[in-house]
Amino acid sequence: MSPDHPPGLDLDRLRGLLDRERPGLVTGALSGRLIEGGRSNLTYAVTDGTAKWVVRRPPLGHVLATAHDMKREHRVISALHPTDVPVPRPILLCEDDEVLGAPFYVMEFVEGTPYRTADDLVPLGPERTRGAVLELVDTLVELHAVDPAEVGLADFGRPEGFLDRQLRRWGKQLDASRNRDLAGVEELHAALGRRLPTSPAPAVVHGDYRLDNVLIGTGAPQRGTEPKKGVDKIKAILDWEMSTLGDPLTDLGLLVMYSIPLDLPNSPISTTASAPGHPTPAELIERYAARSGRDVSAVAWYTAFAWFKLAVILEGIHYRYTLGQTVGGGFDRIGELVPVFIEHGLTTLQEG
């Protein structure tokens, strides 16, 4: 931990707030560091030398508050914490911009490892890799089994017309961030619209559910029965910024998409699918169906929609790169990936 104040985190003001709102929680001087790997919101690890916490806040200079809604994230983990869904224990929500310059919340620090690439999984070996990914499916089933009304989330979203709104939203996002022709993208968008499935009963949807958005460790999860010694368990699901009340199969479709090897050497976008022991997409679908009892016959649509959504996101990154608005390496290769994602989406729909 660095004793310096990381950008966006005033440790003196944070300490003052915690002492007022949670007296006795902090017992020593605070130090903190930015946790790398976050997609959008900023995440910091903070310690007083004895205990650890996590602070989550919007990016510096953010404009759209609705895209970085700390109250919403805090609400969903607070609602889910008493359930069997593994989430960090919420500590405090602060909506006063005077403390850190933006709303933020504090939650417990959960020990665990995020596995972001296939190479990260190799040291686990095939058997543990398979078990960890299947555990990811089982935990998704647990999330989707939560009754939103029972945990106070009945008004967490608008499930009626959810898929139609999602499709229109991402279509508008594409139109707003494109300056080149993309073969097949209109065809994919139109085909998704024509084949819109009927959604099952609504559930709490994570919105970005994949292996690198969970922490994995050995031993018991936060709640539930004690597993065998050394079994890898999901200790916490993170990054709830896209969560809502909607169609649970959108989470499954995204998980399936990330379980398909891209076979693109040196790609800046990767999946864990090529790791030895990683279950096939068919195995993940079958396990989800068996454990959730849901009809997954339309899973091809949800997977194709995931390909479309990621294509739009990547095109937005490429668009910003062409305007000179990106910082760092790898952005020059993002543009060439977009047609690959579009093609995968079209193929998925055609093959059903």
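Student: What radius of gyration does the chain have, and why does it agree with a compact globule?

Tutor: This is a predicted model, where local features need pLDDT of at least 70, side-chain atom pairs count only at pLDDT 80 or more, and totals for chains, interfaces and linings use all residues. Residues are numbered from 1 along each chain as its sequence is written, and side-chain values use heavy atoms, leaving out hydrogens and water. The globule rule is 2.2 Å times the number of residues to the power 0.38, with the radius taken over C-alpha atoms. For 352 residues that puts a compact globule near 20 Å, which agrees with the chain's 21 Å.

Student: What share of the residues is buried?

Tutor: Buried means under 20% relative accessible area, with a 1.4 Å probe and protein chains only. Of the 352 residues in the chain, the buried share is 49%.

Student: How many Å apart are the centres of the positive and negative side chains?

Tutor: Lys and Arg count as positive, Asp and Glu as negative; His and the chain ends are not counted. Each charge is placed at NZ of Lys, CZ of Arg, CG of Asp or CD of Glu. There are 37 positive and 48 negative side chains, and the centres of the two sets lie apart by 2 Å.

Student: Where is the pLDDT below 50, with 3 contacts beyond near neighbours in sequence?

Tutor: pLDDT is the predictor's confidence in each residue, from 0 to 100, and the chain averages 90. Contact means heavy atoms within 4.5 Å. Where pLDDT is low, don't read the predicted coordinates in detail. The stretch you're after is residues 62-67.

Methods. Buried < 20%, exposed > 50% of the residue type's maximum accessible area, 1.4 Å probe, protein only.
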